Amino acid sequence: TGTTTTLTGLSSSTSYYVWVAALSSDGRGTYSTRSSVSTLAPPSKVTGLSITADVTNSQPSLNASWTAPQSDRTIQYYQVDYRISGSTIWNRVSPNPTTTSTTLENLQLGTTYEVRVRAVSDVGNGTWSDTSSRTTVDVPDQVTAVTLTRTVTTNQPSLNVSWTAPQSDRTIQYYQVDYRVSGSTTWSTVSPWSRVSPNPTTTSTTLENLQLGTTYEVRVRAVSDVGSGPWSNTLSRTAVDIPDQVTAVTLTRTVTTNQPSLNVSWTAPQSGRTIQYYQVDYRVSGSTTWSRVSIQLHWRTSNLEPNPTTTSTTLENLHLVLNYL
């Protein structure tokens, strides 16, 4: 009976035509001019959805942000759904955020998630945004470029280990370096480096107190507060050893002296340490007794041969017409 009314049960974002006529006991009057009006719409589709891995948090999480959509009515909150990529089950952030950003927490390490967002007003729910995906913070990548070199500056056999720092979402706190005798099934662990200064990201160390001439296998991995990365490929090297066998020994008769003698020469062998001298033994062919050249060749003392790398000597005071070994 008044001059206002409310039309209910209408659809949102829909245009309606309205006519009004008065009724009395004598009948209905003439309809008014037709008017057109549209109902209010829910919020538009959310756009600009951006997902970033939260690298400031050791607990895997993702930061989500987006652009507020157009809306006829005030946006009351947003619904943010997420799921593991490939899954059909969505999870919803709770409570519903009222700003254009939120953090997805308690996620799985190194896992890719899909995220969608929509705005909600008192008119209804807006359209879901396009889905965006991102992988959560992960452990460090695999250590690469591991090298092993023999230490030749100490008398105790040791190996120097160096490597390239891997990519990591979080700061690398230290490295674990394992080593074992080649062929063994048991690893010995080098004590983890402390999480203090100086430089906890140094990419080298020395394996000490090893066995002489023994081959060792080594592996390395990086550790952050998220966890341990994968082991590097295993590398092997032999600890410093005694010199290799002398080769290419030759004997020639000396024809420039009246005293029977033989010149001996050879090729210097490989050696993990500096060769200090050579021992040269000789005997008459068929004898069981060896004699040694009296001068210790290459011994570093003032009254002996000055050149420690000389690979020849002369056997003197020999007997005529005898074969020597």
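**Exercise 1. The sheet of three strands**

Work out in which order the strands of the open sheet of 3 strands lie, and which of them are the edge strands.

Solution. Begin with the order, which in this predicted model reads S21-S22-S25, with antiparallel pairing. Next, look for the strands that pair on one side only: these are strand S21, residues 247-253, and strand S25, residues 312-315, and they are the edge strands. As for the angle, neighbouring strands of this sheet are turned by 20° against each other on average, with direction ignored. Then turn to the pairing of strand S22, residues 262-267, with S25, where the two run antiparallel and are joined by 4 bridges. Within this pairing, Val264 stands opposite Thr313 of S25. As background, strands of a sheet pair through backbone hydrogen bonds, either parallel or antiparallel.

**Exercise 2. The partners of strand S7**

Find how many bridges join strand S7 to S10 and how many join S7 to S8, and name a bridge partner in S10 and in S8.

Solution. Take S10 to start with: S7 (residues 75-84) and S10 (residues 112-121) pair in the antiparallel sense over 9 bridges. In this pairing, Arg83 has Glu114 of S10 as its bridge partner. Now take strand S8 (residues 91-92), which is joined to S7 by 2 bridges and also runs antiparallel to S7. Here the bridge partner of Tyr82 is Asn91. Finally, consider the hairpin of S7 and S8, which has 6 residues between the strands and in which Gly86 takes a positive phi near 100°.

**Exercise 3. Tyr31 and its patch**

Decide where Tyr31 is placed, whether Tyr31 is buried, partly exposed or exposed, and which residues form a nonpolar patch with Tyr31.

Solution. Locate the residue in the chain: Tyr31 is in the loop that lies between strand S3 (27-28) and strand S4 (35-38). Then compare its relative accessible area with the cut-offs, which are under 20% for buried and over 50% for exposed; because the value for Tyr31 is 45%, this residue is partly exposed. Lastly, Tyr31 forms a nonpolar patch on the surface with Tyr17 and Trp19, and together the residues of this patch have about 380 Å² of accessible area.

**Exercise 4. The chain as a whole**

Describe the secondary structure of the chain, its buried share, its contacts and its accessible surface.

Solution. The secondary structure comes to 25 strands and 0 helices. Of the 325 residues, 32% count as buried. Among contacts with a separation of 6 or more, 61% are accounted for by residues 24 or more positions apart. The accessible surface comes to about 20100 Å², and 45% of this belongs to carbon and sulfur atoms.

Key
Residues numbered from 1 in each chain as written. Predicted model: local features only at pLDDT ≥ 70, side-chain atom pairs only at ≥ 80, totals over all residues. Heavy atoms only, no water. Pairing = 2+ DSSP bridges. Axes fitted to C-alpha atoms, helices over the stretch in contact; angles between N-to-C directions. Buried < 20%, exposed > 50% of the residue type's maximum accessible area, 1.4 Å probe, protein only. Contact = heavy atoms within 4.5 Å. Areas by Shrake-Rupley, 256 points an atom, 1.4 Å probe, with all protein chains shown as cover. Patch = residues over 30% accessible without salt bridge, like charges linked within 9 Å, V, L, I, M, F, W, Y side chains within 5 Å. Salt bridge = Lys/Arg side-chain N within 4 Å of Asp/Glu carboxyl O.
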